[in-house]
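Biologist: I should like to go through this structure element by element. Would you set out the reasoning behind each reply?

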Amino acid sequence: MTSPDSRKELEHEVVVVGAGSAGIAAAVASARNGADTLLVESGATLGGDLISGLPIDGCRSTGGDWIVGGVAAELFDECRAFGGYVGSIFDRRNICVVMVNPRVMGFAVLRLLKKYGVGILPYTQAIGLAAENGRVAGLELANKTVRLAARAELYLDCTGDADLAVMAGLPFETGEETQPASMTFQFRGLDSRALLEFVRDHPENCGLGENPLVRKTAPELARELYEEGIPKVFFSGEGPLIKAAVESGELFPCSMLALNPNSPDYTCVTVNTTRMVLPDNTGGGALGEAMLALTDQVVQAAAFVRKRIPGFAGASFDGVAPRLGIRESRRIVGEYRLGERDVAEGIKRGDGVCKGGHEIDVHGRDRDHVRLAIRNAGSYDIPLGCLLPKGMANLLAAGRSLSSDRVANSSARVMGTCMGMGQAAGTAAALCAKGKILPRELDIGLLRGTLREQGAILDGTP
Ligand SMILES: Cc1cc2nc3c(=O)[nH]c(=O)nc-3n(C[C@H](O)[C@H](O)[C@H](O)COP(=O)(O)OP(=O)(O)OC[C@H]3O[C@@H](n4cnc5c(N)ncnc54)[C@H](O)[C@@H]3O)c2cc1C
């Protein structure tokens, strides 16, 4: 156990806290650009929702253009090398997603961290932060055996919850009500042919044909899904299948039941449907209670899927994602606040360091769900200012806690965008460490040029 005399000091150029999609990309990018980088993660696994089986949204715009490359593309290459890349798939509703086998992705994450020489410290939580003269002077970390004082030139808050910003006493934002937490689960042994026949014959149950660039009817798109043979299916809360189940009590109130393929043979899928709005998504009792309560929704949904959706009768339940899914918690107050208009109108900027392209996507209580397309099925730019918390000169934040209003955040929170932000923040940190400067002194042209050279996509979409 941690005791007061088991203390250790660590010194690195860059310390990244949080190993979700943003933190992984940040740490890889920082190390790739020559900074001695440490990645700290409170949990046992690295990758966050990259290893949950969910679709990786936001790597392509709804128009189909790739808008995130770089570290994300390298991770997909690693997955491909180990047989775990399922593909980049158009869901025939509105979006293009990347699907992977989450267990292979977990391995790919470790391979990439190793390749670039990132030091990792799993099972270790950042519990305190010392600040001096408007800068982070050090972090206090703790695990079972040791307390650590970690010092660096640059610190990256990729905790999803803006923990470092909060520990530094900086202001933050939260929604009056936050989006629901969800427990996703998997089925193995699906007969995807039978499922897709059902989709083809009953397109009214599915969300299809919302993309303005695709001028086809729902039945035509259902037939395309059937012919393509990939079980990426969105059963809509507005369709008769889910509606009747909710009204009869067979299913809890929900806006969707989404099936996401996780194996290249399309026999394994992740189901995303459960939901529970919590008073506090950042930890403690409410999360524990939700985890237990959501198991009832999983039981209900799994029974519904087996009974009502063809293809699942012979499939086996394959457990839940490694962690409870949190869509929304705290947002930093940064130099620039990404707004609903930036996202909805696909605003481009000369100081953009990555792109978002996922629709506005605010899950609400029960059946509430607000979804709005981005203009021209295009992309918007995220400036470095969204990643620079006001009040702490050597701290950057990337991932779902970016500086943004709630509506903009519902788009930028997705994993592809988080990886883009992570790569930008990690690269910025490494350039700052090399040049002995602070992020606000960094030449944006140099950052953008470096990002482009390393595969990031900053231009070229409507
Ligand atoms: C149910 C659900 C469905 C979703 N569906 C999709 C989808 O279909 N497609 C999509 O792209 N996105 C989806 N999202 C959104 C997306 O998964 C997340 O917004 C995104 O993964 C956030 O990444 P992040 O790196 O910012 O944060 P996280 O993934 O939350 O990573 C933060 C990491 O920091 C660690 N950490 C936190 N505090 C500390 C600390 N003090 N010390 C050390 N470590 C710490 C955590 O353990 C965690 O590993 C969904 C989210 C949910 C919950």
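Modeller: Before the pairing of strands is discussed, one term is needed: two strands pair if DSSP finds at least two bridges between them. Please bear in mind throughout that this is a predicted model.

Biologist: Which residue is the bridge partner of Ala 130 in S8?

Modeller: Strands S7 and S8 (residues 135–142) run antiparallel and are joined by seven bridges. Within this pairing, Gly 128 has Glu 140 as its bridge partner in S8. For Ala 130, the bridge partner in S8 is Gly 138.

Biologist: Which residue takes a positive phi in the hairpin of S7 and S8?

Modeller: The hairpin of S7 and S8 has two residues between the strands. The residue with a positive phi, near 50 degrees, is Asn 133.

Biologist: In S9, what is the bridge partner of Leu 139?

Modeller: S8 continues into S9 through a hairpin of four residues. The strands S8 and S9 (residues 147–151) run antiparallel, with four bridges between them. Opposite Leu 139, the bridge partner in S9 is Ala 150.

Biologist: Which are the edge strands of the open sheet?

Modeller: The sheet is open and consists of four strands in the order S1-S9-S8-S7, with mixed pairing. Direction ignored, its neighbouring strands are turned by 25 degrees against each other on average. An edge strand pairs on one side only, and this holds for S1 (7–11) and S7 (125–132).

Biologist: On which side or sides of H12 do its buried residues lie?

Modeller: Helix H12 (residues 444–453) has as its buried residues Leu 447, Arg 448 and Leu 451. An α-helix has 3.6 residues a turn, so residues three or four places apart point the same way. The buried residues of H12 cover an arc of only 95 degrees around the axis, and therefore they lie on the same side.

Biologist: Which exposed residues are carried by the face of H12 turned away from its buried side?

Modeller: The buried residues of H12 pack against strand S18 (352–356) and helix H11 (415–435). The face turned away from that buried side carries exposed residues, namely Gly 445, Gly 449 and Glu 453.

Biologist: What is the phi of Gly 455, which follows H12?

Modeller: Gly 455 comes after helix H12. The phi of Gly 455 is positive, near 95 degrees.

Biologist: How many charged residues are there in the contact of H1 with H11?

Modeller: Helix H1 (residues 21–32) packs on H11 at an angle of about 35 degrees, with the axes 7 Å apart, and the crossing is right-handed. The contact involves residues of H1 including Gly 23, Ala 26 and Ala 27, and residues of H11 including Cys 418, Gly 422 and Ala 429. The contact residues divide into 14 nonpolar and seven polar, and the number of charged residues is zero: there are no charged ones.

Biologist: Which residue of S21 stands opposite Cys 354?

Modeller: S18 and S21 run antiparallel and are joined by four bridges. Both faces of S21 (residues 380–383) are covered, with Tyr 380 and Ile 382 buried on one side and Asp 381 and Pro 383 buried on the other. The residue standing opposite Cys 354 is Ile 382.

Biologist: Which residue in the turn between S19 and S20 has a positive phi?

Modeller: Strands S19 (residues 360–363) and S20 (residues 369–372) run antiparallel with four bridges, and Asp 361 stands opposite Arg 371 in S20. Five residues lie between the two strands of this hairpin. The turn residue with a positive phi, of about 50 degrees, is Asp 366.

Biologist: Is Val 118 buried or exposed?

Modeller: Val 118 lies in the loop between helix H3 (102–115) and strand S6 (119–121). Leaving aside neighbours within four places in sequence, its contacts include Ala 27, Val 28 and Leu 39. A residue needs 20 or more C-beta neighbours within 10 Å to count as buried. Because Val 118 has 27 such neighbours inside 10 Å, Val 118 is buried.

Biologist: How does Phe 82 count, with 14 C-beta neighbours inside 10 Å?

Modeller: Phe 82 is found in the loop between helix H2 (71–81) and strand S4 (85–90). Beyond its neighbours within four places in sequence, Phe 82 is in contact with Val 104, Phe 107 and Ala 108. A residue is exposed at 12 or fewer neighbours and buried at 20 or more. With 14 C-beta neighbours inside 10 Å, Phe 82 therefore counts as partly exposed.

How values were computed. Residues numbered from 1 in each chain as written. Predicted model: local features only at pLDDT ≥ 70, side-chain atom pairs only at ≥ 80, totals over all residues. Arc of directions from axis to C-beta. Contact = placed C-beta atoms within 7 Å. Axes fitted to C-alpha atoms, helices over the stretch in contact; angles between N-to-C directions. Left-handed = near helix turned anticlockwise from the far one by under 90°. Nonpolar A, V, L, I, M, F, W, Y, C, P; charged D, E, K, R; others polar.
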